[in-house]
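I opened a fresh page for this one. My plan is to go from the surface inwards and then stop at one loop residue.

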Amino acid sequence: MELATDAILQADQIVFVGNGGSGVIAMDAHHKFLRTGLKVYAYTDFHMQLMAASQLTSKDLIVAISHTGSNLNIMNVLEVAKENKVKTIGITSFAKSPVSEMVDIPLNA
């Protein structure tokens, strides 16, 4: 949790991504974090997620939300993020999931 907090506080931009029900969680996180004054965004559409991830840098952070941790769209977004050396946090319900293994900082419910 401390690593996640540090990553959030050090990021120039924070982008929350999620699809389906996880997209609703991403939008709620955006709403909550927007109040802090941090530069935050949320995308629930796969194509918008890819475009956003392709514009991020090593100074930014993606928080990927996936209940199962095996959403292919989210994994594709994380691959693009990794190419740009973007720091990543993954929030899933399963520690042994592809998303948890792909991210820098896995958080599991």
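**Surface.** Accessible areas here come from the Shrake-Rupley method with a 1.4 Å probe. I am working on a predicted model, and I looked up its surface to begin with. The accessible surface of the protein is about 6000 Å², and carbon and sulfur atoms hold 58% of that. I then checked burial: 42% of the 109 residues count as buried.

**Charges.** I counted 8 positive and 10 negative side chains. The centres of these two sets are 3 Å apart.

**Overall build.** I went along the chain and noted 5 helices and 5 strands. Their order reads α-β-α-β-α-β-α-β-α-β. The C-alpha trace spans about 30 × 25 × 25 Å along its principal axes. Does "compact" or "extended" suit the radius of gyration better? A compact globule with 109 residues would have a value near 13 Å, and the protein has 12 Å, so the two agree. I also looked at contacts with a separation of 6 or more: 66% of them come from residues 24 or more positions apart.

**Cores.** I kept a general point in mind here: nonpolar side chains in soluble globular proteins tend to be buried together. The largest nonpolar core in this model has 16 residues. Val17, Ile62, Ala64, Ile74, Val77, Leu78 and Val99 have the most contacts inside it. Which elements give two or more residues to this core? I found β1 (14-17), α3 (46-55), β3 (61-65) and α4 (72-83). Of these, α4 gives the most, with 6 residues. A second, separate core has 15 residues, including Phe16, Val40, Leu61 and Val63.

**Ile62.** I picked this core residue and listed its partners, leaving out residues up to four places away in sequence. Ile62 touches Val15, Val17, Ala53 and Leu56, among others. Its list also includes Val77, Leu78, Ala81, Val86 and Ile89, and Lys87 and Thr88 are on it too.

**Thr44.** My last stop was the loop between β2 (40-43) and α3, where Thr44 sits. Is Thr44 buried, exposed or partly exposed? Its relative accessibility is 39%, and because buried means under 20% and exposed over 50%, Thr44 counts as partly exposed. With residues up to four places away in sequence left out, Thr44 touches Gly18, Asn19, Gly23, Met27 and Gln49. I also took a C-alpha to C-alpha distance from Thr44 to Val17: they are 6.0 Å apart in space and 27 residues apart in sequence. Val17 was already in my notes, as one of the residues with the most contacts inside the largest nonpolar core.

Technical notes: Residues numbered from 1 in each chain as written. Predicted model: local features only at pLDDT ≥ 70, side-chain atom pairs only at ≥ 80, totals over all residues. Heavy atoms only, no water. Helix = DSSP H or I, 4+ residues; strand = E, 2+ residues; numbered from the N terminus. Rg over C-alpha atoms; globule rule 2.2 N^0.38 Å. Buried < 20%, exposed > 50% of the residue type's maximum accessible area, 1.4 Å probe, protein only. Contact = heavy atoms within 4.5 Å. Lys, Arg positive; Asp, Glu negative; His and termini not counted. Charge placed at Lys NZ, Arg CZ, Asp CG, Glu CD. Core = buried A, V, L, I, M, F, W, Y, C linked by side-chain atoms within 4.5 Å.
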